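Subject: Structure for you to look at

Hello,

Here is the structure I promised you. Please open it, keep it on screen, and read my notes alongside it.

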Amino acid sequence: MSSLSVLEAKLEAESKVFQQLQKDLSAAIESRQRLDSQQQENEMVSKEFEHLDDDAGIFKLIGPVLVKQDKAEATTNVKNRLDLINKEIERVEKQLQDLTAKSEKKKADITRLQMEYQQAATKA
């Protein structure tokens, strides 16, 4: 097998890995956006709870049924949900950083292989 075909095979393999990294990165970005939306929604609910009286009626949708909840329980649930969302955002942020770094490295590898391929093709 000539060095040109070996470089071509390496380049193709690296390109496939890069494409998969890009798909993973895209999925992580979508996840981050979804978490941002959930965080904003829950923060808005938390702010609304601050304006309510302690004896205000708060209802939670469980399936097709609205169930009454006391304010303390509802506030605790929203606070816990926000904590969970914030931890998940941190996890996804780390994943995004990792995938971005891997993607940049793979991009550099592909560029290097392309240059080697062009030099080998010129010599052949």
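Is F49 buried or exposed? F49 is buried, because its relative accessible area is 11% and the cut-off for buried is under 20%. Bear in mind that this is a predicted model.

**Around F49**

Start with where F49 sits. F49 is found in helix α1. Leave out the residues up to four places away in sequence, and F49 touches I58, K71, A74, T75 and V78. Take T75 from that list. T75 is 26 residues from F49 along the chain, yet 7.0 Å separates their C-alpha atoms.

Now look at K47. K47 also lies in helix α1. K47 counts as exposed, because its relative accessibility is 53% and the cut-off for exposed is over 50%. Check its distance to T75 as well. The C-alpha atoms of K47 and T75 are 9.9 Å apart, with the two positions 28 residues apart along the chain.

**Helix α1**

How far apart are the end C-alpha atoms of α1? They are 70 Å apart. The helix has 48 residues, and at 1.5 Å a residue it should span 70 Å, so the two values agree.

Several residues of α1 are buried, among them L7, L11, S31, R32, Q39 and N42. What covers the buried residues of this helix? The cover includes β1 and α2.

As you scan down the helix, keep one general point in mind. An α-helix has 3.6 residues a turn, so residues three or four places apart point the same way.

**The largest nonpolar core**

Which residues make up the largest nonpolar core? There are nine: L21, L25, A28, L35, I85, I89, V92, L96 and L99. Two elements, α1 (3–50) and α2 (71–123), each give two or more residues to this core. The most come from α2, which gives five. The general background is short. In soluble globular proteins, nonpolar side chains tend to be buried together.

L35 is a good residue to click on here. Setting aside neighbours within four places in sequence, L35 is in contact with I85, E88, I89 and V92.

**Along α2**

Three residues of α2 are worth a stop. Take S103 to begin with. S103 lies in helix α2. S103 counts as buried, because its relative accessibility is 5%. Not counting residues up to four places away in sequence, S103 touches F18, L21 and Q22. L21 is also one of the residues of the largest nonpolar core.

T100 is next. T100 has its place in helix α2. At 36% relative accessibility, T100 counts as partly exposed. Its C-alpha atom is 7.2 Å from that of L25, and the two residues are 75 apart along the chain.

Then go to K105. K105 is in helix α2 too. Is K105 buried or exposed? K105 counts as exposed, because its relative accessibility is 53%. Try a distance from here to D53. The C-alpha atoms of K105 and D53 are separated by 55 Å, and the residues are 52 apart along the chain.

**The largest pocket**

How is such a space found? Rolling a probe the size of a water molecule over the atoms shows where empty space is left.

The volume of the largest pocket is about 210 Å³. It is lined by 13 residues, and those closest to its centre are V45, F49, K60, V78 and R81. Three elements give two or more residues to the lining: α1, β1 (58–62) and α2. The largest share is from α1, with five residues. Sorted by class, the lining has six nonpolar, four polar and three charged residues.

Notice two names in that pocket. F49 and V78 are both among the residues closest to the centre, and F49 touches V78.

Best wishes

Conventions:
Residues numbered from 1 in each chain as written. Predicted model: local features only at pLDDT ≥ 70, side-chain atom pairs only at ≥ 80, totals over all residues. Heavy atoms only, no water. Core = buried A, V, L, I, M, F, W, Y, C linked by side-chain atoms within 4.5 Å. Buried < 20%, exposed > 50% of the residue type's maximum accessible area, 1.4 Å probe, protein only. Helix = DSSP H or I, 4+ residues; strand = E, 2+ residues; numbered from the N terminus. Contact = heavy atoms within 4.5 Å. 1 Å grid on protein atoms, 1.4 Å probe; cavity = no way out; pocket = protein on both sides within 12 Å on 5 of 7 lines; lining within 4 Å. Points joined across faces, edges and corners; volume = space filled by probe spheres on them. Nonpolar A, V, L, I, M, F, W, Y, C, P; charged D, E, K, R; others polar. Expected span 1.5 Å × (residues − 1).
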